[in-house]
Amino acid sequence: MSIRSIRNSSIKQANTIDNAQPISFDCEYAIIAGGSGGGGGRIGASAYSGEYYNGGGGGAGGYHTNVTGDLSGEDTTVENPMKVFLGFNYFIQVGAGGAQATGGEAAAGRGTESKFELIVMEEGGRGQARNGGGSTGGCGGGRGGGIYGGSSHSNNVAGQGFRGGWSDQGGPNNYTFGGGGGVSERGGNTSGDTFSGVTGGAGIVSTILTSSEASTASVGEVDSGSVYFGGGGGAGNGNAGGLGGGGNGGSWQNGSGSAGTANTGGGGGGAAGGSSPGNSGAGGSGVVILRYPSEFTISVGSGLTSYSTITNAQGLSVTIFKAGSDNVSWT
C-alpha cells in the first residue's frame with residue numbers, strides 16, 4: 001500500500017497554543033478507489049463461427065480503513081489512528097470509475113486512484129476480452145473468454161484487495177472467463193480451482209457509516225443492515241457481481257454487462273459475446289469518508305463534491321467525498 005507517515009516537522013502554519021505542540025485529533029477514514037470496467041465480448045468467426053466469447057469482470061478499487069474492528073482490503077488488519085492537525089491542508093482525491101468496453105473484443109477502461117494525503121488506493125484492474133488476462137490493480141480484473149484457457153490471473157495490490165479469476169479449461173461459449181476481484185474475495189474461476197464459478201469477488205463491510213447514513217448519502221451497498229464496498233464485476237454470460245456494488249455480466253448472447261454502482265468502487269460486469277456483442281459495464285466510482293470529533297469544523301475546497309457532514313449519535317462528524325479533488329482543513 002502506498003502509505004507513509006506524516007511527520008510533525010513537515011507541518012507548516014498549524015494552530016498552536018502558547019508555542020506548544022500543534023493541536024491535533026484522531027481522524028478515522030475509509031477510502032476506496034474507482035473500479036474498472038468489464039471486458040468486451042466477441043463474435044465467433046471462421047472456424048469458430050457461432051462460438052461467443054465472453055468478457056471478464058472488472059476489478060474493484062483498492063480499499064483501506066483505520067476504523068477499529070474493521071478490515072482493509074485482502075482482509076488485512078487496520079492501521080493506527082491518523083493524527084490530523086488544525087490549520088493544515090490535506091489533499092483528497094476521489095477516484096472515478098473506468099469506462100465500459102464498446103464493440104467486440106475490447107478491453108475496458110481503468111478507474112483512477114483515491115487519496116487522502118499520503119494514503120493512496122489503486123484503481124481496479126480492468127476486465128479483458130477473448131483470451132486476455134485481466135490487468136493488475138487494487139483488485140485484479142477477470143480473464144477474458146476464449147478458446148485456449150490458461151491459468152494465468154491478474155494480480156492484486158497487497159493489502160488492498162484480491163486478484164481476478166481465470167479458467168484453465170479451453171473451449172467455446174461458456175468456458176473461459178473470470179470474475180473481477182473484490183476487496184474481500186478473489187474473482188471466480190471457470191474450473192480447476194477450489195473456488196469455482198465466475199461471479200465477482202465479494203466486497204467488505206465498513207462500519208464508518210450506519211446503513212441509514214449510507215442509504216441517505218447514496219454510498220456503498222446496504223445488505224441486511226451492513227454497508228459493503230468493493231465488489232468485483234461478474235463475467236459475461238449472466239454471472240453476478242460481488243456484494244459491494246459489482247456489476248453483473250451480460251446475459252447469454254449479445255447481453256451488455258451492468259455498471260458497478262457509483263461510490264462503491266465496484267467493478268463493471270463483462271459483456272456477453274454474440275452475433276452483436278453487448279457492451280461491458282463501466283466501473284463504479286470510489287469514495288473517501290472521514291470521521292472525526294464534532295468539535296472540529298471541516299473546510300472543503302471547491303474541487304471536491306461532498307455530501308453534507310453528518311453528526312452521528314456518538315458525537316462524531318462524518319464527511320463523505322463523492323467526486324473530485326482538492327484540499328480540506330479543520331478549525
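A salt bridge is here a side-chain nitrogen of Lys or Arg within 4 Å of a carboxyl oxygen of Asp or Glu. The exercises below apply this rule and others to a predicted model.

**Exercise 1.** Determine how many salt bridges the rule yields, and work out which parts of the chain are tied together by the pair D26 and K83.

*Solution.* By the rule, the count comes to four salt bridges. One of them joins the side chains of D26 and K83, with an N to O distance of 3.2 Å. Since D26 belongs to strand β1 and K83 to strand β3 (residues 82-85), the pair ties together parts that are 57 residues apart in sequence. As to accessibility, D26 is partly exposed at a relative accessible area of 37%, and K83 is partly exposed at 44%.

**Exercise 2.** For the salt bridge between E123 and R110, locate each partner and decide whether E123 is buried or exposed.

*Solution.* The side chains of E123 and R110 meet at 3.5 Å, N to O. E123 sits in the loop between β6 (119-121) and β7, while R110 sits in the loop between β4 (90-93) and β5 (114-116), and the two residues are 13 apart in sequence. The cut-off for a buried residue is under 20% relative accessible area; E123, with 15%, is therefore buried, whereas R110, with 33%, counts as partly exposed.

**Exercise 3.** Describe the surroundings of F25, beginning with its strand and ending with its contacts.

*Solution.* F25 is found in strand β1, which spans residues 24-32. Its relative accessible area is 4%, so F25 is buried. Leaving aside residues up to four places away in sequence, F25 touches M82, K83, V84, L86, Y292, P293, F296 and W330. F25 and F85 are 60 residues apart in sequence, yet their C-alpha atoms are 6.7 Å apart in space.

**Exercise 4.** Derive the strand order of the open sheet that contains β7, β8 and β9, and identify its edge strands.

*Solution.* The open sheet has three strands in the order β7-β9-β8, with antiparallel pairing. The edge strands are β7 (204-206) and β8 (221-223), each of which pairs on one side only. From one strand to the next, the twist averages 45 degrees. The antiparallel pairing of β8 with strand β9 (residues 226-229) runs over three bridges, and V222 has V227 in β9 as its bridge partner.

**Exercise 5.** Characterise the hairpin of β12 and β13, including the residue with a positive phi.

*Solution.* Strands β12 (residues 304-311) and β13 (residues 316-330) pair in the antiparallel sense over six bridges, and L304 has G324 in β13 as its bridge partner. Four residues lie between the strands of this hairpin, in which G315 takes a positive phi near 75 degrees.

How values were computed
Residues are numbered from 1 along each chain as its sequence is written. This is a predicted model: local features need pLDDT of at least 70, side-chain atom pairs count only at pLDDT 80 or more; totals for chains, interfaces and linings use all residues. Side-chain values use heavy atoms; hydrogens and water are left out. Two strands pair if DSSP finds at least two bridges between them. Axes are lines fitted to C-alpha atoms, for helices over the stretch in contact, and angles run from 0 to 180 degrees between N-to-C directions. Buried means under 20% relative accessible area, exposed over 50%, partly exposed in between (1.4 Å probe, protein chains only). Contact means heavy atoms within 4.5 Å.
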